Amino acid sequence: MDQQSTTNEASSGFPDLIKIRLHNVLSEIGQAFTLFFQTLIQIFRPPFQFDLLVKQLLLIGFNSLAVVIVSGFFTGMVLGVQGYIQLKPYAVEGSVARFVCVSVVKELGPMITAFVLAGRIGASITAELSTMKVTEQIDALEVMGTNPVKYLVVPRFLACSMMLPTLTIYSTFAGIAGGFIAVVVLFDVNGYFFLLEVQKNLFIGSVLISLIKATSFGMAIAAVGCYKGFSISTAGGAEGVGTATTGSAVISLITILVLDFVLNHVLFNILGLV
Amino acid sequence: MISVRKVTKNFGGKNVLNGLDLEIQRGETLVVMGQSGCGKSVLLKIITGLIAADSGEIWFDGTEISNLKSKKMNVLRRKIGMLFQSAALFDSMTVAENIAFMLDQHTDLGKQEMHKIVDEKLSLVDLEGVQDLRPAELSGGMRKRVGLARALAFEPEVILYDEPTTGLDPVTCTEINQLISDLHERLQVTSVVVTHDMHSAFSVATRMAMIHDGKKIADGSPDEIINIDNPILQQFILFGAPDQILNMENPMLKRYLGR
């Protein structure tokens, strides 16, 4: 398919080139959604291989915990410092706890966690699956009567969807802790007052929104990572694996941003959640 | 046993297979020869359902399988073992886990029974004591042997070999050829060997077929094929097969050798 499109592009004018590119993009989106729906169907089809899921949960969740906590913690610290500096001229620096809490819970907690996992896990899923593709391991799976979507995609998809909200909880706590330490240590803000403000502004609805976002981001990261890994041609070789891996990270990050906007619009604007 | 009927396959405007007809009889070792890129490996992928033919039919034991649904195809695939060109071992698993993969996926056998089968299949391919090694720790020849042991694990009716000797040194090539012949004799399994290595082809074949321009241009036993008057086939044989395998007194070979 790649070879064909390259040949077509080489012999086409500019308008045709746009048409071909658009056709390729739409075709890729179609294939990605096909894989996504196949995955959803395979989730509910036996056999259920829990050992594969547990392995992925550990790989994706446990191994990412430290980096997610550190990222969340420093994001919270930056928010605390910036928040205090920006709010002080208006004499509302007391709202810094609310600023940190709302930003981290509703937006930055799931977002930072998703960014970390897109770079760390999404890219690694693509690298692993595309290497399996070029070395014919995925063909071997099929020849041995095992569905590669069921065996390879489903555990990664479920693990990402489960671990992203779990890690978001840790990153959110780390973010609030980071904001707390920054403003208490650097600006002498009363710690008890900070925690009281956090408690007042931490709603179950906000946490739910955070978890909905995180689950959606997790699905997107796994779907993009697996699709990019599967879509490489067997003749792609090492260069193809590298290109697919970079592409996976970039597409995941863009998908997360677009999805975040759509979810914000739907959850806050249309459904009117707080 | 397997019947390939008028199969066509086009990649990027190039007809790789162009109405190919091929019959594979039960118990034989059919060697499919042809230049690189002539569609030999594509043929194996079409037989196993890894890629779909553009047109034509594939019959397996009286059943048309080219349009089989994936669930039924997966059941049928259990009758087929395949040795890939690169062996295609799962690099995240040990040798034992690779060989036991199909048993683990499709049977309720216990660990002890699976270990026993793994040991048995490894001894069939003359390998022992490598159960706990990873594929990265094996040499090229050992990887092919493990790939073959994995293909044999589910006791298939047909074994497909995709370029079994590519990338191996001459000594290992000869060992792999010997192994293919031995397995054929011992297990009476139907084998399809895709290769452009003439040494390998003449060592293992009970029948040979040559593909050129997406079609079969010759078919017969090794003795018959040497006597087929086709310049493409004869060039292929003369340039590829070592003298010790060919009878250079054969008038047909002499004729083409003189050109």
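Trainee: What makes the radius of gyration of chain B agree with that of a compact globule?

Mentor: In this predicted model, chain B has a radius of gyration of 19 Å, and a compact globule with 259 residues would have one near 18 Å, so the two agree. Along the principal axes, the C-alpha atoms of chain B fill a box of roughly 60 × 40 × 35 Å. Of the 259 residues in chain B, 41% are buried. The secondary structure of this chain comes to ten helices and ten strands.

Trainee: Why is Ala32(A) called partly exposed?

Mentor: Ala32(A) has 18 other C-beta atoms within 10 Å. A buried residue needs 20 or more, and an exposed one has 12 or fewer. The value of 18 lies in between, so Ala32(A) is partly exposed.

Trainee: Where is Ala32(A), and which residues does it touch?

Mentor: Ala32(A) belongs to helix H2 (residues 14-43) of chain A. Not counting residues up to four places away in sequence, Ala32(A) touches Ala223(A) and Tyr227(A). For each of these pairs, the C-beta atoms lie within 7 Å, so they count as contacts.

Trainee: How many residues does each chain give to the contact between A and B?

Mentor: Chain A gives 14 residues and chain B gives 17 residues. On the side of chain A, helix H1 (2-10) and helix H6 (137-143) each supply at least two residues. The largest share, five residues, comes from H6(A).

Trainee: How do the residues on that side of chain A divide into nonpolar, polar and charged?

Mentor: Three are nonpolar, eight are polar and three are charged. Gly counts among the polar ones under this scheme.

Key. Residues are numbered from 1 along each chain as its sequence is written. Chains are lettered from A and ligands numbered from 1 in the order in which they are written. This is a predicted model: local features need pLDDT of at least 70, side-chain atom pairs count only at pLDDT 80 or more; totals for chains, interfaces and linings use all residues. Two residues are in contact if their C-beta atoms, placed from the backbone, lie within 7 Å. Helices (H or I, at least four residues) and strands (E, at least two) are DSSP runs, numbered from the N terminus. The radius of gyration is taken over C-alpha atoms; the globule rule is 2.2 Å times the number of residues to the power 0.38.
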